[in-house]
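Work through the two exercises below with the coordinates open, and try each task before reading its solution.

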Amino acid sequence: MGALWHGFADMGAVERDGAFVVARGAGAYVWDRAGNRYLDATAGLWFTNVGHGRREIADAVAAQLSELAHYSNFGDITAPVTQELARRLAELAPVPGSKILFTSGGSDSVDTAAKLARRFWRELGRPDKTLIVGRRLAYHGMHVAGTALGGIAVNREGYGELMADARTVEWHDPRALRELIDEVGAERIAAFFCEPVIGAGGVYPPPEGYLAEVRRLCREHDILFVADEVVTGFGRIGGSWFASSRFGLEPDLMTTAKGLTSGYLPMGAVFAAPWVAEPFFSGGVWFRHGYTYGGHAGAAAAAMANLDIIEREHLLDASKNLETLLHEHFSPLAAHPRVAEVRSGLGAVAAVQLADPAEAPAMVRALRAQGVSGRAAGQGALQLSPSFVITEEQVAEMAAAFGRALG
């Protein structure tokens with residue numbers, strides 16, 4: 001009997017069949033403990049943007065840890081590398097002048113944004129604006145606020161009401177948000193959380209014009225627009241640092257994690273537009289919130305080295321090219337009788353939607369037998385989000401492996 005309790009797992013099945021133990025990685029590949037090699041179809045959990053085995057990042061972290069591992073970012077305390085990273089992220093931000101609040105990961109970032117949105121309206125003398133709105137199929141992490149906001153029903157089952165004043169609207173039609181505004185009143189709604197591309201819910205790109213319209217509705221009705229870019233940020237959207245930049249969204253708040261360090265150490269960041277930060281920076285008002293490891297010095301060093309690699313190796317361009325490659329090599333699989341559709345063509349992400357979602361666990365095992373490490377997302381969608389360093393030949397190899405696994 002193993003001691004490890006895996007996340008999002010049927011532990012009875014894990015106990016029966018054993019764990020898939022990933023022992024090492026290099027570039028777009030990982031190896032199991034027996035030495036078998038696999039193309040990494042998902043870059044871990046969407047995050048290994050620069051590929052596995054980057055000694056440069058490990059060395060940067062080791063150098064920082066030997067000098068100062070971490071101290072704190074509470075009160076007036078910080079570390080030089082954390083200050084430097086905040087300045088660098090502010091320069092990349094889709095909204096100039098943004099302030100950066102560091103977290104330990106994406107779920108932290110979402111809960112931070114949810115609390116900050118409510119406090120912001122209170123400081124502006126509008127304390128009734130407490131309702132937080134998410135979308136069906138959306139995933140916003142697994143803390144209390146993120147679970148309550150999330151639009152994957154099974155993730156909310158069995159806990160009772162996690163957070164008062166959380167609502168979910170349809171994911172693809174901006175009229176659903178307008179109808180909620182009409183129903184409850186804009187004076188009650190604090191924020192609308194929006195993944196530019198729905199990720200863990202199944203990889204759903206936004207319909208044409210959707211993002212622009214919901215952004216307009218939020219501006220019109222004084223609702224904070226929160227871009228959840230935990231998946232799409234730091235190049236995953238293809239060609240830009242953020243989807244908010246690519247689509248001109250100018251988010252009031254933006255949540256990030258994953259690609260910030262390419263997963264080499266846990267770290268997240270919330271970007272607050274200057275008008276949201278202003279009440280807390282003008283003096284006397286505390287946002288009584290923070291995390292012990294928020295802005296961790298070692299993680300900040302990993303992020304700095306990771307950003308260096310993305311810039312030096314032009315990996316934003318590579319991710320834009322990957323957007324095209326995934327579409328070209330995987331869209332033909334839509335003709336397979338076991339495939340309902342292939343969702344691709346926006347960002348370095350795609351999904352092969354199985355006609356029978358119940359086949360997903362077996363298909364993940366079949367992919368391993370063909371030399372690909374993958375996972376299921378949403379209801380029977382096989383996720384594709386490889387590292388930006390993957391080659392066209394490796395993408396083609398991976399698509400062929402999918403075809404063999406489908407039979």
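The exercises treat a sheet with its edge and then a pocket.

The model is predicted, so that local features need pLDDT of at least 70 and side-chain atom pairs count only at pLDDT 80 or more, while totals for chains, interfaces and linings use all residues. Residues are numbered from 1 along each chain as its sequence is written, and side-chain values use heavy atoms, with hydrogens and water left out.

**Exercise 1.** Determine the order of the strands in the open sheet and identify its edge strands.

Solution. Take strands as DSSP runs of E with at least two residues, and helices as runs of H or I with at least four, both numbered from the N terminus; two strands pair if DSSP finds at least two bridges between them. Seven strands then follow the order 4-10-9-8-7-5-6, with mixed pairing. At the edges, pairing on one side only, are strand 4 (99–103) and strand 6 (166–169). Next, strand 4 is joined by five bridges to strand 10 (residues 268–272), and the two run antiparallel, with Lys99 opposite Ala272.

**Exercise 2.** Establish which elements line the second largest pocket and which gives the most.

Solution. On a 1 Å grid over the protein atoms alone, a pocket is an open set with protein on both sides within 12 Å along at least five of seven lines, and lining residues have an atom within 4 Å of a point. The lining holds 33 residues, and Asn73, Gly75, Ile100, Leu101 and Phe281 lie nearest the centre. Helix 4, strand 4, strand 10 and helix 10 (274–281) each supply at least two residues, and helix 4 gives the most, with five.

Technical notes: On a 1 Å grid over the protein atoms alone, a cavity is a set of points where a 1.4 Å probe fits but cannot get out, and a pocket is an open set with protein on both sides within 12 Å along at least five of seven lines; lining residues have an atom within 4 Å of a point.
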